[in-house]
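Reader: Hi! Could you walk me through this structure? I'm new to this, so plain words please.

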2 protein chains.
Amino acid sequence: MVFDSELDRLVRAGTPLTETPPWRALAEHWERVRRLEMREAFAKDPERFRRFSVAVDGLLFDYSKNRITEETIRRLLALAEASGVKEAAAAMVSGQPINWTERRAVLHVALRNRSNRSVLVDDHDVMPAVNAVLERMRQFSTAVRDGSWRGATGLPIRTVVHIGIGGSHLGPEMITGALRPYHDGPAVRFVSNVDATDFVETVRGLSPAETLFIVASKTFTTQETMTNAATARSWLIDAVGDGSAVARHFVALSADRKAVGAFGIDPDSMFELWDWVGGRYSSWSAIGLPVAVAVGFDRFEELLEGGHAMDRHFLEAPLERNIPVLMAVLGVWYGNFFGAASHAVLPYDEYLSRLPAYLQQADMESNGKSVDRDSRRVEYQTGPILWGEPGTNGQHAFFQLIHQGTRLVPCDFIGCARSHNPIGDHHPKLMANMIAQAEALMVGRTAAEARAELGRRGLRDAEVAALLPHVVFEGNRPSNTILLDELTPRTLGMLIAAYEHKIFTQGVIWRINSFDQWGVELGKVLATRVLDEERRLLAGEDVDLSGHDSSTAGLLRAFAEKARG
Amino acid sequence: MVFDSELDRLVRAGTPLTETPPWRALAEHWERVRRLEMREAFAKDPERFRRFSVAVDGLLFDYSKNRITEETIRRLLALAEASGVKEAAAAMVSGQPINWTERRAVLHVALRNRSNRSVLVDDHDVMPAVNAVLERMRQFSTAVRDGSWRGATGLPIRTVVHIGIGGSHLGPEMITGALRPYHDGPAVRFVSNVDATDFVETVRGLSPAETLFIVASKTFTTQETMTNAATARSWLIDAVGDGSAVARHFVALSADRKAVGAFGIDPDSMFELWDWVGGRYSSWSAIGLPVAVAVGFDRFEELLEGGHAMDRHFLEAPLERNIPVLMAVLGVWYGNFFGAASHAVLPYDEYLSRLPAYLQQADMESNGKSVDRDSRRVEYQTGPILWGEPGTNGQHAFFQLIHQGTRLVPCDFIGCARSHNPIGDHHPKLMANMIAQAEALMVGRTAAEARAELGRRGLRDAEVAALLPHVVFEGNRPSNTILLDELTPRTLGMLIAAYEHKIFTQGVIWRINSFDQWGVELGKVLATRVLDEERRLLAGEDVDLSGHDSSTAGLLRAFAEKARG
């Protein structure tokens, strides 16, 4: 039995999870501290920042602006401990099948295992295969970068177009964007959506003879990816005029050699994926190939090293100094006790624009579950809705609601001390905004302060009275701040791995499987039927839609009628 | 008194809003229908789609997949009526100061008032000024497009870079992206973030002598915008070598002629904004200039016509056929009765990629409030967290949580019957996915269906038993579907205006001011102080940070130390 923690045993013996001692201890404690004013807590304890912050290498994690006391953290960590987080982490890295619904190991940590200690799955060391694929990635990315890999007409590759969706898209896209200052290889673009617009707009202006496609799909059956890959193949062949060109312009990231060959891609141009790497944890694998092409394999290795450094921290640091664990339990605190439904990720770095979208998948596809590890329906909230946009942009968009709305939105602010573009005073301004927003959310503005502010503007008493409540800020809104020395491959690797382990830790506490995704199945099944009906409707056939509800049938008919014009 | 509805009077006499008769009628009704299974409702009523859908011109709104009965809609509309939605809308379009905290009229409808009936603000018809600015936008955008507007060295403009943030950015950026198939003018790019990376990456590769900057800021003091504008001015002058070039390479969208002149922009190159247009409602004004440059002024006018058509619908259609009102009351139904905290916007069109970010501002900055129109704190939830990414991408990212997570997420699916890029079967696949996802969310998959599905895969009984709960879909998840004939300037205008009026209607029901944004103030004030301290720390000064909490002080010191290296 992989999961056999104190809480597992209690729950299996019939105690609801939220009635177990550590949960009850937290519920009780919450009653006492829920009105805690952080402003007062800071005033009372000048050591609060030191107490509630942790630095690892080039990453500082400040969690002092949360509605917590030392006792809160003790109780939250007691929950993590009783949940078996440490044991579950050990089970993960030792290759046990912790993705139990799919009977799979979960070994994205092996992909960045720079120690090269062996990692066994079913008594078989996976490290030689991992390292062999990494070596092939190095050779291939170097060949594309130095021009020795040639297209069918003998020209070097100017643009790499990566075709993939979900876990085969968001990671490489986000990382390539984040590492743009290191970009010294061919241009890299991404196509994901089955909407042809994505393909058309992405290849606009490209020269097929100088374009290489990377097709990323573990099964090589993903509808969107295979549709886009087929369109890409036609686009290439139409221009280059020869089907044999496919071998020089397509490589595959997949687990299915046969399907890759059937598409026309040379099986020697396939980079292998394994079933113990989930899509949303796969940027460290061959799925990261576009990153290696863009910034070079040495930089890609630095990314892996950053991930590995965070793995070591997660596995070795005591819970009270463990960044991913602290991130995780704070999320549990707000989600399960304060009733927060969402979590905002606010990177104050334009290069991290796609981090929220990336983390949306990492988090919501992992922990958007409601069946526990005993296959019973949970009776508590699990994963939050994760969202965000870069700062300072968000300040001029949705921060109004975070400051003065009726909903509690815990925030992660993420910034970098050094900018890759240190022009004028842009960067101090950017950081001043980040630091001040976190401060403002916490301290708020009292009625007395607001009154003074309005007074300074020369408002009359009646005006002050009417306006006052609108310019008061309740404050006491929690946030974490993650400050990186600089956005480098290494710190980026640390950041991503920190979120991965946060998600893992929460999954263990909520007793869900963070590594399957049954919830994506049903839509796929129904889409197959709807597509067949659409085709027949578009062809003018009389189609019996009575198997559908009237809305689905009505939308199908409306679409077909309007599409036919 | 602008707001004097039945409910206003009751609340002012002391009845909490949620205790007024229409709210109580809904609360009672909710108890009876909260377990309503849409699947059964569809089975019982073959007319449900016809009953719960409305078409206006090229826009079909299907709201039949909601947890409602006819009685629900009756009671929700009774609430809207008693809240004075109709009267408030009339007050808005007649120029009354419904933005009462700022004593301003709210007249984005005047900007698209194609009827040219007069619109009075303080007895003064604003239409002549609106039309005069539109005429200047036509002349200017035409001159830039046809090459008759020349840069300082005599070259025509190849790229327009729009500098603005928040309401001066998200609208034009989203609309320019949405109308990309119509793009036949100079390239248009956007800079918003004070992060210098935004500017650097946006102007990379551009020729200053062929670049025109549009600087958009009502006050012409917005920190981000003025910082970027100053950097842009240096970038231009460094290349072109002459400060007088500014006049040929910068235009302003502002309300402050003096500040514009002080920056060095010819006041004749200023396009006027007015204080009765809020930033997040301003794409219809001169803020839309980059759109007009990209697609031409005739297309921009079609956008205005679409907005105007939706205005007429909103003002004239009875509540039960009124799309924005129905959207609004459904949001109230989920937010205030079912406890949904968020709302997902899922455009199945890559050209609408930025629609969620745009609506995030439109909605959350408008309705993320907690003080009512009597300046009292509300005791109910107001605006939701709005989020989303384009489909089908979202399906491979966060749909897991929407299908099987513990949180209710009402969704808006938005699709187009005809694609601008009708290649192969991409578009039928895209639409099949959209229709099937909405169907899957509603119908779910019962245990019996899931068992049959697992059986087909040849699983043994023990495996089926363990896996079954994971492959069950509870269903009954609500969604609206908006189907456009095609994404054109006109249908886009209708779509935006529909959301604007939805937001307006909800604000009226929640008795909040959707048109101010006091919540953005405090962060700005604190950032000024923090910036000053940062500068001194970076200069190596000894700075007294004791006025801050230890977290703010600690982050400031960490930033300065790391930044100095």
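Author: Happy to! One definition to begin: helices (H or I, at least four residues) and strands (E, at least two) are DSSP runs, numbered from the N terminus. Axes are lines fitted to C-alpha atoms, for helices over the stretch in contact, and angles run from 0 to 180 degrees between N-to-C directions. This is a predicted model, where local features need pLDDT of at least 70, side-chain atom pairs count only at pLDDT 80 or more, and totals for chains, interfaces and linings use all residues. Residues are numbered from 1 along each chain as its sequence is written, chains are lettered from A and ligands numbered from 1 in the order in which they are written, and side-chain values use heavy atoms, with hydrogens and water left out.

Reader: Okay, so at what angle do α8 and α15 of chain A pack?

Author: Helix α8 (residues 127–146) and helix α15 (residues 297–316) of chain A pack at about 145 degrees, and their axes are 9 Å apart.

Reader: And which residues make that contact?

Author: Contact means heavy atoms within 4.5 Å. From α8(A) come Leu134(A), Met137(A), Arg138(A) and Ser141(A), while α15(A) brings Phe297(A), Asp298(A), Phe300(A), Glu301(A) and Leu304(A). By class, there are five nonpolar, one polar and three charged residues. Here Ala, Val, Leu, Ile, Met, Phe, Trp, Tyr, Cys and Pro count as nonpolar, Asp, Glu, Lys and Arg as charged, and the others, Gly among them, as polar.

Reader: Changing topic: how is chain A related to chain B?

Author: A turn of 180 degrees with a shift of 0.0 Å along the axis lays chain A on chain B, with an RMSD of 0.0 Å. The two copies are thus related as by a two-fold rotation axis. For this, copies are superposed by least squares on the C-alpha atoms of residues with pLDDT of at least 70 in both.

Reader: Which surface do they meet through?

Author: The same one in both copies, because 99% of the interface residues of chain A are also interface residues in chain B. For a cross-chain example, take Arg457(B), which touches Trp518(A) and Glu521(A), not counting residues up to four places away in sequence. Arg457(B) lies in the loop between α20 (447–456) and α21 (461–471) of chain B.

Reader: Is Arg457(B) buried, exposed or partly exposed?

Author: Partly exposed, at 38% relative accessibility. The cut-offs: buried means under 20% relative accessible area, exposed over 50%, partly exposed in between (1.4 Å probe, protein chains only).

Reader: Which helix is enclosed by the rest of the structure?

Author: Look at α10 (residues 196–203) of chain A: eight of its eight residues are buried, so it is largely enclosed by the rest of the structure. What covers these buried residues includes β5 (159–163), β6 (187–191), β7 and α11 of chain A, together with α19 (426–443) of chain B. After α10(A) comes Gly205(A), with a positive phi near 85 degrees.

Reader: What about the nonpolar core? Which members touch the most others?

Author: Trp276(A) and Trp276(B) do, among the 346 residues of the largest nonpolar core. A second, separate core of 23 residues includes Ile163(B), Trp235(B), Ala245(B) and Val260(B). A nonpolar core is a set of buried Ala, Val, Leu, Ile, Met, Phe, Trp, Tyr and Cys residues joined through side-chain atoms within 4.5 Å.

Reader: How many disulfides are there?

Author: Zero over all chains. A disulfide here is a pair of cysteine sulfur atoms within 2.5 Å.

Reader: Why is there no bond from Cys411(B)?

Author: Because its closest cysteine sulfur, in Cys416(B), is 18 Å away, too far for a bond. Cys411(B) is buried, with a relative accessible area of 2%, and Cys416(B) is buried too, with 1%.

Reader: Anything odd in the backbone?

Author: Some background: most residues other than glycine have a negative phi, and most peptide bonds are trans. The peptide bond from Gly391(A) to Thr392(A) is cis, with omega near 10 degrees, and the one from Gly391(B) to Thr392(B) is cis, also with omega near 10 degrees.

Reader: And where does Asp123(B) sit?

Author: In the loop between β3 (120–121) and β4 (124–125) of chain B. Asp123(B) has a positive phi of about 65 degrees although it is not a glycine. At 75% relative accessibility, Asp123(B) counts as exposed. Ser375(A), also not a glycine, has a positive phi near 60 degrees, but Ser375(A) counts as buried at 18%.
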